[in-house]
Amino acid sequence: MATRSPQKLLREYRAKRDFSKTTEPQHRQSAKNGEALSFVVQKHDASRLHYDFRLEWEGVLKSWAVTKGPSLDPSEKRLAVRTEDHPLSYGTFEGIIPESEYGGGTVMLWDRGHWEPEGEPGEGLKKGKLTFLLHGERLGGKWSLVRMKRDDKSERENWLLIKADDDAASKAEDVLKVHERSVETKRSLKEIAEASDAMPGWREPQLATLVERVPGGSGWLTEMKYDGYRALLAIDRESTRIFTRNGKDWTDRFPDLAAAAAELDTSNTLLDGEIVAFNAEGHTDFSTLQRALSSGEQVSCFVFDLLVKEGLDLTDKPLRERKKRLERLLKDHEGTLLYSAHTTDDAGEVLTKLCKGGHEGIIVKNAEDPYRPGPPQELVEGEVFATSGTGHRRIFSLGQERAPVRFSAARRIREQTSCLSGPCRHRI
Ligand code: MN
């Protein structure tokens, strides 16, 4: 049987939702070849509490609403009403669906992992019997989904979710009671509901310190140093605000960036980045930015940190984890918000390379560090070298080594970040 495209499979999913109102994901992710098939269970406090059971197949999540939730007891057959296919990106969604919208209520990530079908799942779905192994954090062992005889009066496809009798089965343990909180954020439904309800406000950004030497050893992430306006982007369901590093609301000055941020599939989220414009050499350049602002030309924003996501404060998480989530959030965005890529290559070599390209410098960050607000040990402006105390971020100025470069301005955005990951294309 020919594989149907996820676009077609998701038609019903999209038709039911107004993506200007809900923060549920609207994009599909392409299935990653060779990776295990994912599964997710979402506890969904809608008009009626239920558990959405979803199995990845054909590039989408095949879905069932399990009214009473899964049971480890093989004699407990749980009604599972088949629902529309969901995009793979839904598998990481936790947050709020507005009351006025389809499925309005709170969604909690309850379990996740991968599943192993027995036989061909496409066949099983058609015939009405799927048998599979679950490898989740809470659910394991062998399970089956069996379609019940269709009641002609009903539009619904009713299935039963049944635990097979194996080591993972249990008559005594109520797995839903044992685990009442999110598998991802450890929050209760109430905590998710409360947290997702507000827009995060301004907070003091983490600042860099100029230092003399690149740090040795491993565990460092190196990013470009951008020459623009530091900004915090606060996103909620209704609006977006852009704050300067000192807390001024500059949303009105960057309406296009605010609109771009509003398009992201998220709410109650706080991003940290640098608003930039590119000069003819493809470098971020402050005077170009000022000109772009007065003439109304397009500006971009390199986003390098994620402080709050869906109401969850991430500042205590290690930087590498915050950036992984940030990259995922910006993955499908094709507008002016650019993910600030990093490299784990030797920072000294990166500096030399970028030096030749005439860039302003690099910022070296400890991959394991939390986000800490505050000024640097010494505030140094301009291209002056200084030594930091225990500065978390380090900037290296390139000073006199600046040299004229020539390359197409059209390639500027790609060039700007590709320097970090590949050989630098900038020529002296
Ligand atoms: Mn649901």
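Which residues touch the most other members of the largest nonpolar core? Here are some notes on that and on two helices, bearing in mind that this is a predicted model.

1. The answer is Ile275, Val276 and Cys301, out of the 48 residues in that core. Strand S15 is the top contributor, giving seven residues. As a general backdrop, nonpolar side chains tend to be buried together in soluble globular proteins.

2. Cys301 deserves a look of its own. Setting aside neighbours within four places in sequence, Cys301 is in contact with Ala231, Leu257, Thr336, Leu337 and Leu338, and also with Gly273, Glu274, Ile275 and Val276.

3. There's a second core too, separate from that one, with 36 residues. Val40, Val41, Tyr51 and Trp115 are among them.

4. Now helix H7, residues 286–295. Thr288, Leu289 and Ala292 are its buried residues. Looking down the axis of H7, they fall within an arc of 100°, so they line one face of the helix. That buried set packs against strands S12 (229–235) and S14 (269–276). Flip to the other side of H7 and you find Ser287 and Ser294 exposed. Just past the helix, Gly296 has a positive phi of about 75°.

5. Helix H8 covers residues 319–330, and its 12 residues reach 16 Å from first C-alpha to last, close to the 16 Å expected at 1.5 Å a residue. Buried in H8 are Leu319, Arg322, Lys323, Leu326 and Leu329. Their arc, seen down the axis of H8, is within 115°, so these residues line one face. Their packing partners are strands S11 (220–224), S15 (300–309), S17 (337–339) and S18 (361–366).

Notes
Residues numbered from 1 in each chain as written. Predicted model: local features only at pLDDT ≥ 70, side-chain atom pairs only at ≥ 80, totals over all residues. Buried ≥ 20, exposed ≤ 12 C-beta atoms within 10 Å, placed from the backbone. Helix = DSSP H or I, 4+ residues; strand = E, 2+ residues; numbered from the N terminus. Arc of directions from axis to C-beta. Contact = placed C-beta atoms within 7 Å. Expected span 1.5 Å × (residues − 1). Core = buried A, V, L, I, M, F, W, Y, C linked by C-beta atoms within 7 Å.
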